[in-house]
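User: I would like to learn how to read a few features of a protein model, from single contacts up to the overall fold. Could we take them one at a time?

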Amino acid sequence: MKRVLAIAFVLITSVGFAQNYSTSAGLRGGLSNGLTIKHFIGDNTAVEGLLSSRWKGFDLTGLYEIHNEAFDVEGLQWYYGGGAHIGFWNGKNVGWANDTENYSVIGIDGILGLEYTFSEFPLNVSVDWKPAFNIIGQTGLWGDGGALSLRYIF
């Protein structure tokens with residue numbers, strides 16, 4: 001009997017911390033706008049891909065994220081992680097640049113966010129902060145990567 005109770009306890013607590021979807025895709029809006037797709041590769045780990053547009057250019061970002069239950073609210077998760085990006089910008093459209101040079105950038109990213117998944121319909125919403133550090137091309141810290149994402153759950 002003790003063994004059955006122990007197995008039941010492990011199963012119940014494991015389900016309590018698991019994400020309730022595997023793949024979602026949608027729109028991401030902030031200072032840069034674009035598309036987002038997230039896929040869970042474990043109970044609380046996910047990979048996310050971002051395609052965003054800014055300054056008449058675009059960035060591709062890949063992130064690895066760890067999700068945790070937030071505030072004992074069903075469907076609410078906080079997450080953090082990191083990854084990398086590559087981007088291509090038109091220099092004369094970069095907000096502070098006065099040149100006509102085009103830029104190719106490569107860098108690393110962090111992410112910290114809060115996500116809510118609705119139980120009534122296949123949608124989740126997240127708000128996050130995604131600072132980036134360009135290692136190549138327009139080097140430096142870019143701390144303005146916050147956004148709101150709306151994703152459809154498959």
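User: Which side chains does a polar contact of 2.6 Å join?

Analyst: A polar contact pairs N or O atoms within 3.5 Å, with one able to donate a hydrogen and the other to accept it. In this model, which is predicted, the side chains of Thr-23 and His-39 are joined by such a contact at 2.6 Å. Thr-23 itself belongs to strand S1, which covers residues 23–30.

User: Is Thr-23 buried or exposed, and which residues does Thr-23 touch beyond those up to four places away in sequence?

Analyst: Burial is read from the relative accessible area, and buried means under 20%. Thr-23 counts as buried because its relative accessible area is 19%. Once residues up to four places away are set aside, Thr-23 touches Ile-37, Lys-38 and His-39, and also Tyr-152, Ile-153 and Phe-154.

User: Where is Trp-89 found, and with which side chain does the side chain of Trp-89 make a polar contact?

Analyst: Here the element, the burial and the partner can be read together. Trp-89 is found in strand S5, and with a relative accessible area of 6% this tryptophan is buried. Its side chain makes a polar contact of 3.3 Å with the side chain of Asp-59. Separation along the chain can also be set beside separation in space: Trp-89 and Arg-54 are 35 residues apart in sequence, while their C-alpha atoms are separated by 7.5 Å.

User: Both Arg-54 and Asp-59 have now come up. Which residues lie nearest the centre of the largest cavity?

Analyst: A cavity is a space where a 1.4 Å probe fits but cannot get out. The search of the whole structure finds one cavity of 30 Å³ or more, and the largest cavity holds about 240 Å³ of space. Its lining consists of 17 residues, and those nearest the centre are Ser-32, Arg-54, Asp-59, Lys-130 and Ala-132.

User: Which strands each supply at least two residues of that lining, and how many nonpolar, polar and charged residues does the lining have?

Analyst: The strands that each supply at least two lining residues are S3 (45–54), S4 (57–69), S5 (76–90) and S8 (132–136), with the largest share, three residues, coming from S3. By class, the lining has six charged and six polar residues along with five nonpolar ones.

User: Staying with S3, how should I read Ser-52, and with which residues is Ser-52 in contact beyond its neighbours within four places in sequence?

Analyst: Ser-52 has its place in strand S3 and is buried, since its relative accessible area is 10%. Apart from neighbours within four places in sequence, Ser-52 is in contact with Ser-32, Asn-33 and Gly-34, as well as with Gly-57, Phe-58 and Asp-59. A C-alpha separation of 9.7 Å relates Ser-52 to Leu-31, which is 21 residues away along the chain.

User: What about a glycine: in which strand is Gly-110 found, and what is Gly-110 in contact with?

Analyst: Gly-110 is found in strand S6, residues 102–117. Leaving out neighbours within four places, its contacts are with Gly-81, Gly-82, Trp-129, Lys-130 and Pro-131. Gly-110 and Phe-133, which are 23 residues apart in sequence, have C-alpha atoms 8.8 Å apart.

User: Which backbone angle of Phe-71 is positive although Phe-71 is not a glycine?

Analyst: The angle is phi, with a value of about 55° at Phe-71, and Asp-72 likewise has a positive phi of about 55° without being a glycine. Phe-71 is placed in the loop between S4 and S5, as is Asp-72. Phe-71 is exposed, given a relative accessible area of 67%, and Asp-72 also counts as exposed, at 70% relative accessibility.

User: Finally, how many helices and strands does the protein have, and what pattern do they follow along the sequence?

Analyst: The protein has one helix and 10 strands, and, read along the sequence, the pattern is α-β-β-β-β-β-β-β-β-β-β. Of its 154 residues, 38% are buried. About 8,800 Å² is exposed, with carbon and sulfur atoms supplying 68% of that area. Among contacts between residues at least 6 apart in sequence, 48% join residues at least 24 apart.

Definitions and conventions: Residues numbered from 1 in each chain as written. Predicted model: local features only at pLDDT ≥ 70, side-chain atom pairs only at ≥ 80, totals over all residues. Heavy atoms only, no water. Buried < 20%, exposed > 50% of the residue type's maximum accessible area, 1.4 Å probe, protein only. Contact = heavy atoms within 4.5 Å. Areas by Shrake-Rupley, 256 points an atom, 1.4 Å probe, with all protein chains shown as cover. 1 Å grid on protein atoms, 1.4 Å probe; cavity = no way out; pocket = protein on both sides within 12 Å on 5 of 7 lines; lining within 4 Å. Points joined across faces, edges and corners; volume = space filled by probe spheres on them. Nonpolar A, V, L, I, M, F, W, Y, C, P; charged D, E, K, R; others polar.
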